[in-house]
Amino acid sequence: MPEQLPDLHRTSGVLFDLDGVLTPTAEVHMRAWQKVFDEVFARWGITEPYTDTDYYAYVDGKKRYDGVASLLHSRNVEIPWGEVTDPPEAETICGVGNRKNAAFAAALRSEGIAPFPGSLALLESLRDVGIPMGVVSSSKNAEEVLTSAGIREFFRIVVDGIVAERDHLASKPAPDMFLEGARMLGVDPAAAVAVEDAVAGVASAASAGFADVVGVDRGAGPETLRAAGATCIVDDLARLLENAGDALSDRRGPK
């Protein structure tokens, strides 16, 4: 039996994660993390290699420094937290995180980015019927990515890593960032939808009490996303256009 998917065209608002949901920047993040942790592990003599499994378990969806701390903790490595102003070569949590950000920024500017076609189609459809939309992303690069991908105009609000740090919002999987996104967008989570691909992000939206939490399976696995709180799973946001016909007619009115 096909999975019942929510009709986003009938909800009060939608909050999207960015990397891996709207744009394939998750792949750029993954390569940047791999590069940095490979170098760090080699220099510090950590023999258990860093893998994509580590990315999904310890890094994906979290604020950058929290991801570094979580991954290093998994290898029983403890280093000073440091300061956000630490240079990339500093042997601190912040230094390693800043090293990764430099690698990501260099890749983004050299390669550019475009939204997933299915994600862009959904954004255009929701915009056409006036559904309020926002972005909730742990990345401090969210504004640059949205602008580079040409989709910033779709969103009324953006809660990103910069906002989270400024306003002392706990990292996903805590509900803080999605709750703040709902507050800024002016919607009740219980009447809104969140769309996430990261386990930490799904857990964040679920604990924030969203009516529907759409898990986008870009590699984490449907069972893992369901266990974190996803109410349904898709592999492409275009799937969320399949049952939108009646709602689109209602919203647009008679021709």
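## Report on helix α3, its surroundings and some local features

H168 counts as exposed, since its relative accessibility of 71% lies over the 50% that the term requires. The model described here is predicted. The residue H168 is placed in the loop between α7 and α8, and its phi is near 55°, a positive value in a residue other than glycine. Most residues other than glycine have a negative phi, and most peptide bonds are trans.

The loop between α7 and α8 also holds P173, where the peptide bond that runs from K172 to P173 is cis, with omega near 20°. A positive phi is found again at N76, which is not a glycine and has a value of about 60°. N76 follows α3 and belongs to the loop between α3 and α4; with a relative accessible area of 70%, N76 is exposed.

### Helix α3 and what covers it

Helix α3 spans residues 64-74, and its buried residues are R64, Y65, G67, V68, S70, L71 and L72. The elements that cover these buried residues include α1 (25-44), α2 (52-59), α4 (93-111) and α7 (161-166). Two neighbours in this helix are also linked by a charge over a ring, as R64 lies over the face of Y65 at 5.6 Å from the ring centre. A second arrangement of this kind involves R218, whose charged end sits over the ring of F116, 3.8 Å from its centre.

The loop between α3 and α4 contains T85 as well, and T85 is exposed, with a relative accessible area of 69%. Between the C-alpha atoms of T85 and E39, which are 46 residues apart along the chain, the separation is 21 Å.

### The largest pocket

The largest pocket encloses about 370 Å³ of space. Its lining is made of 24 residues, of which K62, K63, R64, S138 and S139 are the closest to the centre of the pocket. Four helices, namely α1, α2, α3 and α7, each supply at least two residues of this lining, and α3 gives the most, with three residues. Sorted by class, the lining of the largest pocket has 11 charged, seven polar and six nonpolar residues. R64 thus appears both among the buried residues of α3 and among the lining residues closest to the centre of the largest pocket.

### Aromatic pairs

The count of aromatic pairs comes to eight. One of them joins F37 and Y50 in a tilted arrangement, with 4.9 Å from centre to centre and 35° between the planes. F37 lies in helix α1 whereas Y50 lies in the loop between α1 and α2, so the pair ties together parts that are 13 residues apart in sequence. Both F37 and Y50 are buried.

Another pair is formed by Y65 and W81, whose ring centres are 6.5 Å apart and whose planes stand at 80°, so the pair is edge-to-face, an angle of over 60 degrees being what that name requires. Because Y65 lies in helix α3 and W81 in the loop between α3 and α4, this pair ties together parts that are 16 residues apart in sequence. The two partners are not alike in exposure, for Y65 is buried, with a relative accessible area of 8%, while W81 is partly exposed, at 41%. Ring pairs also link W33, F37, F41 and Y50 into a cluster.

### A182 in helix α8

A182 is placed in helix α8 and is buried, with a relative accessible area of 1%. Leaving aside residues up to four places away in sequence, A182 touches L15, V187, P189 and F210. The C-alpha atoms of A182 and V14 are 8.8 Å apart in space, although 168 residues separate the two in sequence.

### Relative accessible areas

The table gathers values for residues discussed above.

| Residue | Relative accessible area | State |
|---|---|---|
| A182 | 1% | buried |
| Y65 | 8% | buried |
| W81 | 41% | partly exposed |
| T85 | 69% | exposed |
| N76 | 70% | exposed |
| H168 | 71% | exposed |

Terms used. Residues numbered from 1 in each chain as written. Predicted model: local features only at pLDDT ≥ 70, side-chain atom pairs only at ≥ 80, totals over all residues. Heavy atoms only, no water. Buried < 20%, exposed > 50% of the residue type's maximum accessible area, 1.4 Å probe, protein only. Contact = heavy atoms within 4.5 Å. 1 Å grid on protein atoms, 1.4 Å probe; cavity = no way out; pocket = protein on both sides within 12 Å on 5 of 7 lines; lining within 4 Å. Points joined across faces, edges and corners; volume = space filled by probe spheres on them. Nonpolar A, V, L, I, M, F, W, Y, C, P; charged D, E, K, R; others polar. Phe/Tyr/Trp six-rings, centres within 6.5 Å; stacked < 30°, edge-to-face > 60°. Lys NZ or Arg CZ within 6 Å of the ring centre and 35° of its normal.
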